[in-house]
Amino acid sequence: MRIRKNLRGWRLGVAALLLTGLALAAGVSGAGADEPGGDWSAVFTLTNDPEGNELAVYSRDNRGRLGTADFIPTGGNGTGGGLGNQGALALSDNKQFLYAVNPGSNTITVFRLTRRGPQVLQVIESKGKRPISLTVHRNLLYVLNARGAVQDMDGIAGFEIRPNGRLVYLAGSAQLLSAASTAPAQVGFNRAGNVLIVTEKSTNKIAAFAINRRGLADGRAFADSVGQTPFGFEFSRDGFLVVSEAFGGAADASAVSSYWLNNDEGTLEVISESIPTTESAACWIAITQNAEYAYTTNTASATVTGYKLSNKGKLTILDIDGVTAETGTSPTDMTILGNRTLFVLNRDDGSVGVFDIMRGGALDPIQVIGGLPLTNPTGLIVR
């Protein structure tokens with residue numbers, strides 16, 4: 001099935017979109033110049049504690065090995081429950097600021113990454129309830145509010161990132177999804193920053209919003225996912241959209257698909273259609289910087305499945321049995337350092353696993369470090 005049939009009539013307004021890149025070009029490239037973040041490196045996650053959400057900061061060396069985590073209160077609350085999300089954390093383009101969701105208190109925390117470590121700069125309302133996912137492009141941040149889970153209506157909202165890293169709500173940016181309660185998983189910009197994608201798990205739809213020259217989401221359209229329960233996704237360096245499909249958690253039924261977002265025609269075109277992982281509950285996606293390999297975590301199987309990603313966006317599974325690596329416990333979020341190190345958040349035992357990415361995409365486990373509370377930690381990002 002080709003998704004473009006489901007998007008017939010959707011046009012993103014190409015001329016306006018071209019202006020978007022010019023309008024946003026100033027970005028936040030000079031942000032935080034008065035308090036530089038230094039050259040320290042880390043992996044971040046969130047505890048999601050309902051009694052006080054915290055940012056967990058794992059220092060790392062240049063080979064990706066992690067030290068013991070430090071914990072910094074976000075000034076908001078988590079939920080303590082699974083969020084079914086990807087993207088709870090986002091870095092500014094210049095990596096001087098970190099943005100975090102507080103789904104239990106309906107806020108976003110802004111951290112300035114100083115030489116002394118992360119410092120809370122701002123806590124701001126997410127313009128909705130239960131924020132679960134963030135995405136940043138230049139001087140824009142959008143949040144996905146999973147409000148349908150609390151008897152409200154799912155939607156997105158946009159913010160301007162000021163040069164000092166603070167957020168200011170963009171009036172008129174809020175948009176609803178395809179239904180009141182869609183079990184949304186993630187919001188994310190395409191590489192150009194002129195389109196927003198949202199995955200809806202319960203409706204099996206992929207939403208797309210054009211971003212106009214003022215940074216506002218409009219041109220809303222919805223396409224049927226080629227596989228059931230579209231979850232996490234990432235755009236490759238070459239602009240291919242890779243999406244995990246959990247298939248409702250059915251045993252050994254998960255898959256991954258790839259698409260091309262055609263800005264000229266305003267359509268999503270399927271490249272690889274539901275390539276099986278042969279595992280259960282594929283939910284999170286991470287792609288190497290060189291766009292050569294894509295990985296998904298199979299939460300119910302405690303495994304990671306790897307794929308070769310061609311320069312035309314085609315997916316080929318690396319291991320016939322779908323097991324590129326075993327995690328020992330339920331893996332959720334992932335993040336990749338360049339092309340060489342994969343980090344995996346293990347929800348059930350409160351740990352982070354570290355894998356070297358070897359020649360041919362194989363994964364070599366080199367570290368597991370615990371210390372996270374068992375409050376369904378969420379989000380994983382590397383600096």
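This report describes two open sheets and the largest nonpolar core of a predicted model.

The first sheet has four strands in the order S3-S2-S1-S30, and its pairing is antiparallel. Its edges are formed by strand S3 (66–73) and strand S30 (378–382), each of which pairs on one side only, while neighbouring strands of this sheet are turned against each other by 20° on average, direction ignored. Within this sheet, strand S1 (residues 42–46) and strand S2 (residues 54–60) run antiparallel and are joined by five bridges, and Leu46 has Leu55 in S2 as its bridge partner.

The second sheet is likewise open and has four strands, in the order S26-S27-S28-S29 with antiparallel pairing. Here strand S26 (331–337) and strand S29 (363–369) are the edge strands, each pairing on one side only, and the twist from one strand to the next averages 25°.

The table sets out one strand pair from each sheet.

| Strand pair | Sense | Bridges | A bridge pair |
|---|---|---|---|
| S1 and S2 | antiparallel | five bridges | Leu46 and Leu55 |
| S26 and S27 | antiparallel | five bridges | Pro331 and Asn346 |

The largest nonpolar core holds 30 residues, of which Phe44, Leu98, Tyr99, Leu141 and Leu167 touch the most other members. Strand S5 (residues 97–102) gives the most to this core, contributing five residues. When residues up to four places away in sequence are left out of the count, Phe44 touches Leu55, Ala56, Val57, Leu89, Leu98, Leu113, Pro118, Gly379, Leu380, Ile381 and Arg383. Leu55, one of these contacts of Phe44, is also the bridge partner of Leu46.

Notes
Residues numbered from 1 in each chain as written. Predicted model: local features only at pLDDT ≥ 70, side-chain atom pairs only at ≥ 80, totals over all residues. Heavy atoms only, no water. Core = buried A, V, L, I, M, F, W, Y, C linked by side-chain atoms within 4.5 Å. Buried < 20%, exposed > 50% of the residue type's maximum accessible area, 1.4 Å probe, protein only. Helix = DSSP H or I, 4+ residues; strand = E, 2+ residues; numbered from the N terminus. Contact = heavy atoms within 4.5 Å. Pairing = 2+ DSSP bridges. Axes fitted to C-alpha atoms, helices over the stretch in contact; angles between N-to-C directions.
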